[in-house]
Amino acid sequence: MTSPSDMKKPDSKKRTFKPATLAIHADDGFDPSGSLAPPIYQTSTFKADTAAEFDAMATGAFHSAFYARYGNPTGDHARRIIAELESADDALLTASGMGAFTTIVMALLASGDHVVAQRVHYGGTIGLLENVMHKFGITTSFVDQTDPAAFEAAIQPNTKLMIVETPTNPVMAITDLRAIADIAQKHGVITLADNTFATPINQRPLEFGIDIVYHSATKYFGGHHDLIAGAIAAKSQHMEKLWRTSLAVGATLNAFDGWLLVRGLRTLKLRVDQHNSNALQLAQALEKHPRVTQVYYPGLENHPQHALAKAQMSGFSGMLSFEIDGDMATANRLIDDLQLVDRAASLGGVHSLIVSPAAMLAAVMTEDDFKARGVSTGLLRLSVGLEDIDDLITDFYEALDGIS
């Protein structure tokens, strides 16, 4: 019986390979079966032949051939690929992106600790920090992500964690990763980055000094709207604590979803490159339409943080947002008139998806809350898919013309 730590690891020279190659070969030799596609280990537990072997299985770190809550050999392939893509020592899989985030904060924080986080984060991140963690005596200060000095000013003697997300949901603002990492290291604070929108194809926060990266692997990693998963990647000094906490939290990825995740990762580079290209061309086209008042996309030269985005990103994601000249009803009419873009939550898949952030938040926020987060009633968030770009541009122009 073998664990990930026992299996033959890819040669370290593969770190010099480029992402498209790593996505296909980073897990070479990681499974003893020799199967080109990883087997699905559809089992809840694994047997040992001797008492000594059982003891080793039960106590070994990252032992995925013991009990399926500890991990699964199918998922080990995805772990290795994600770790290599993120320039990390190892990775950990969870049942969702929020499972990953919850695992991290529970592993690193205790009652009395303080967190510094961006004011604009994914809603689930804000919800956990504001509505759950305070019950355990953990407090959070929220700051403007575009101002590194604000992060430093918010640090308290009990600050343990600094959380960033870049680009942000939904207005695609950029956080200076190196500046935040430098500030945190000076004060002995651990840094955490949500890299879901960018993916390691476009951005690798660990290379800028960030300590831990996490993803909703549901999005670009899966890429086909058929998977819910989370992933954490970090240097080795954090991984044991994160893994031990994941056992207690129980947000474990199952074997079949691990297999779907590997399948999605194989084509990640190809898909993200096309998402990047489609989003940039569509952003440029939307800027030219008279009913569009603002486009938020860091790949545009008029984005206020375009220079910073270029400095830390190699591509600008398939995500963009834009404002139309109109209210929420007008925005909803535009969505209804689109033929190729589906009204659905989530992002990062082959289909283009669109939502009105204000409509999604209307049940829990006031219009003043919207404005504080940069959200207007005419704002639309778009996950640009892999359709032909000419067809997408035509679809948007016809829908925009229809509300004029």
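Residues are classed here as buried when their relative accessible area is under 20%, as exposed when it is over 50%, and as partly exposed in between, with a 1.4 Å probe and protein chains only. The structure is a predicted model, in which local features need pLDDT of at least 70 and side-chain atom pairs count only at pLDDT 80 or more, whereas totals for chains, interfaces and linings use all residues. Residues are numbered from 1 along each chain as its sequence is written, and side-chain values use heavy atoms, with hydrogens and water left out.

Helices (H or I, at least four residues) and strands (E, at least two) are DSSP runs numbered from the N terminus, and two strands are taken to pair if DSSP finds at least two bridges between them. Strand β2 (residues 114-118) is largely enclosed by the rest of the structure, because five of its five residues are buried. On one hand, β2 is joined by five bridges to strand β3 (residues 139-143), the two running parallel, and within this pairing Q118 has V143 of β3 as its bridge partner. On the other, four bridges join β2 to strand β4 (residues 159-165), again in parallel, with A117 standing opposite I163 of β4. Together with helix α5 (residues 123-132), β2 and β3 make a right-handed β-α-β unit; a crossover is called right-handed if, with the strands pointing away from the viewer, the path from the first strand over the helix to the second runs clockwise.

An open sheet of five strands, with mixed pairing, follows the order β8-β9-β12-β11-β10. Its edges are formed by β8 (292-296) and β10 (342-343), each of which has a single partner strand, so that one side of each is left without a neighbour in the sheet. Within this sheet, strand β11 (residues 353-355) and strand β12 (residues 379-383) run antiparallel and are joined by three bridges, and L353 stands opposite S383 in β12.

Aromatic contacts were then examined, with rings of Phe, Tyr and Trp (its six-membered ring) paired if their centres lie within 6.5 Å, and planes under 30 degrees apart counted as stacked, over 60 as edge-to-face and the rest as tilted. The whole structure yields seven aromatic pairs. One of them joins F66 and Y70 in an edge-to-face arrangement, at 5.0 Å centre to centre and with 75° between the planes. F66 counts as buried at 12% relative accessibility, and Y70 is likewise buried, with a relative accessible area of 19%. The pair formed by F256 and W259 is instead stacked, because the ring centres are 6.0 Å apart and the planes lie at 15°. F256 and W259 are three residues apart in helix α10 and are therefore separated by about one helical turn; F256 is partly exposed at 40% relative accessible area, and W259 is partly exposed at 25%. F54, F66, Y70 and W243 form one aromatic cluster.

A cavity is a set of points, on a 1 Å grid over the protein atoms alone, where a 1.4 Å probe fits but cannot get out, and its lining residues have an atom within 4 Å of a point. The structure holds one cavity of 30 Å³ or more, and the largest cavity has a volume of about 210 Å³, a volume being the space filled by probe spheres set on the grid points, which are joined across faces, edges and corners. Of the 20 residues lining the largest cavity, Y70, G71, N72, L92 and L93 are the closest to its centre.

Definitions and conventions. On a 1 Å grid over the protein atoms alone, a cavity is a set of points where a 1.4 Å probe fits but cannot get out, and a pocket is an open set with protein on both sides within 12 Å along at least five of seven lines; lining residues have an atom within 4 Å of a point.
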